[in-house]
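Colleague: I'd like to see one part of this model up close. Please start with the strand pairing, and then follow the contacts and charged pairs outward from there.

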Amino acid sequence: MKINLKSAIDFVIDQNQLPKFFPSKVLNEAESFKVEIDKLDRKNLFELPFVTIDGIDAKDFDDAVYCDQQKDKFNLLVAIADVSLFVKQNSFLDKEAYIRGTSIYFPQHVIPMLPEKLSNNLCSLKPSEIRPVLVVDIKLNAQGDIKKYSFYQAIIESKVRLCYENFNEEFEYKKNLGNQIKDSLKNLKKLTELRLKKKVERKALNFSTKAHKFELSKDGYVKKIGFGASMKSQKVIEECMLLANECAANFLNLKMKMCPYRIHEEPEETKIDNLMRLVLKKNFSDKDSKIDQLHLINSKVKEDDMFTNSLILQAMQRAEYSTHNIGHFGLQLSSYCHFTSPIRRYPDLIVHRLIKIILNKEKVSNFTEKDLEEICVNSSQLEQRAENASRRINQILIISFLEKYFGERLKGFVVGVTEFGLFVNLEKFQISGLLHVSELKKDRYFLSNNGNFLYGEKTGTKYVMSQQLNVVIVGTSPLEGKINLKLDN
């Protein structure tokens, strides 16, 4: 059964009880805002050549950057749309944003956390538009270490909107930009190279995952499936956002002792052991730390090895929000939070409110650590719902598309072993199907004690994790998320 994008989205929205529209009182509140810039008591940064750099399909621009370099020292300014100026605590907008938790992204469609009047207009840092922002002003030394930082409320005008896709390998933009913008971009590139070295030094993990990209017909059916490539220009913005988020967590930790931290626990020892044996053909070592062993695995895997990179990612714990700071294992940071996307993530909006309470020397009223923990739990759950919904849409579209591959030999790798069969990842499409035991060589199969392989009672045939197999698709059910496979020897 072939399914188009609209049908897939409708199905997933109903299945997950996702919001379909904003209540009228929320829309009315959003429409009521009138910003009088000249009445805002803020630092004026009109003259600085801030730019936004996003994907070509982006509609909400919540961050703009500028970087200056003097005598090998860097001054990075990250300006984030001041969403909290509009979305006040306990307002209709705030309550709706809490219920949604995050924007949900599908191909060619988004379910936003905030109404379009805010997300695509008043809170979007559009070029040549004056916008209120919250700035983190970061001073770094010649080695790229943070020496000091400050937060303040400001007004900026983004000079130009740039897209990742239009930079070349030297991080030079194809447009004819002014010297100030060109200098800032060169400084950003230099700083990014330093920060990426810092990442390696602290053994932060580099998860190289590539998102599916769909070429759709006019009526929404998949014509072609590809994968998004990682670009240097993306790394630049990623490092700027990491710096801003790290400073925000540190600031709230020092000034308020309260923050919706972004935490990431260590993975389980058994999962690292599985990865060590799969990638390095070694067993887990008690002598080396988990991060040392994972960093070694990470360093041996090529960026374009989507299969192994996906296995590393699957071995990790889920990152989540919490008031209990245990650090971020993947980034190897002792404190981290989300600050840079208040248009589309509720915890970022809360971080903005807390920072502004400090800047304005206000008292924290009607807001306790217990309240914050409830927000963290709710946001973590809603984030997982959003991820599952996005993944489900992709799954439906891919499986529907695979009907044309019935009977064709496809290369796959075993990614899961159960008593009833093997889950095989189809390399060409990066999606898994079930190879039932009934489709294996005639024998009686048993699951090993450690759950890593199936073995035949009579033949001794083994099917192990990461084993390459040639398979054929024999059946699909897009809405159930099922692909049935058989061996093609």
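Modeller: Happy to; what follows begins with one strand and its neighbours, then turns to salt bridges and ends with a helix. A word on the basis: the model is predicted, so local features need pLDDT of at least 70 and side-chain atom pairs count only at pLDDT 80 or more, while totals for chains, interfaces and linings use all residues. Residues are numbered from 1 along each chain as its sequence is written, and side-chain values use heavy atoms, leaving out hydrogens and water.

Let's begin with strand 7, which spans residues 130-140. Helices (H or I, at least four residues) and strands (E, at least two) are DSSP runs, numbered from the N terminus. Strand 7 is mostly covered, with 9 of its 11 residues buried; buried means under 20% relative accessible area, exposed over 50%, and partly exposed in between, for a 1.4 Å probe and protein chains only.

Strand 7 has antiparallel partners that are worth taking in turn. With strand 4 it pairs over 8 bridges in the antiparallel sense, where pairing requires that DSSP finds at least two bridges between the strands. Within this pairing, valine 78 has valine 136 of strand 7 as its bridge partner. Strand 7 also pairs with strand 8 (residues 146-157), antiparallel again and over 11 bridges. Here isoleucine 138 is matched with tyrosine 149 in strand 8. Strands 7 and 8 form a hairpin with 5 residues between them, and in its turn glycine 144 has a positive phi of about 90°.

Just past strand 4 we meet a charged pair. Aspartate 82 sits in the loop between strand 4 (73-81) and helix 3 (92-100), and its side chain meets that of arginine 42 in a salt bridge of 2.5 Å, N to O. A salt bridge here is a side-chain nitrogen of Lys or Arg within 4 Å of a carboxyl oxygen of Asp or Glu. Arginine 42 lies in the loop between helix 2 (24-31) and strand 1 (43-44), and the pair links parts of the chain that are 40 residues apart. Both arginine 42 and aspartate 82 are buried.

By this rule, the count comes to 25 salt bridges. Another joins glutamate 215 to lysine 223, with 3.6 Å between the closest N and O atoms. Glutamate 215 is partly exposed at 38% relative accessible area, and lysine 223 is partly exposed as well, at 47%.

A further salt bridge brings together the side chains of glutamate 387 and arginine 318, at 2.8 Å, N to O. Glutamate 387 is in helix 11 (residues 369-401) and arginine 318 in the loop between helix 9 and strand 13 (320-322), so the pair ties together parts 69 residues apart in sequence. Both partners are partly exposed: glutamate 387 has a relative accessibility of 31%, and arginine 318 has 35%. Through shared partners, salt bridges join Arg262, Arg318, Glu383 and Glu387 into one network.

Helix 9 also leads us to helix 8 (residues 290-300), where Ile291, Gln293, Leu294, His295, Ile297 and Asn298 are buried. An α-helix has 3.6 residues a turn, so residues three or four places apart point the same way. The buried residues of helix 8 pack against helix 5 (179-201), helix 7 (269-280) and helix 9 (306-315), contact being heavy atoms within 4.5 Å.
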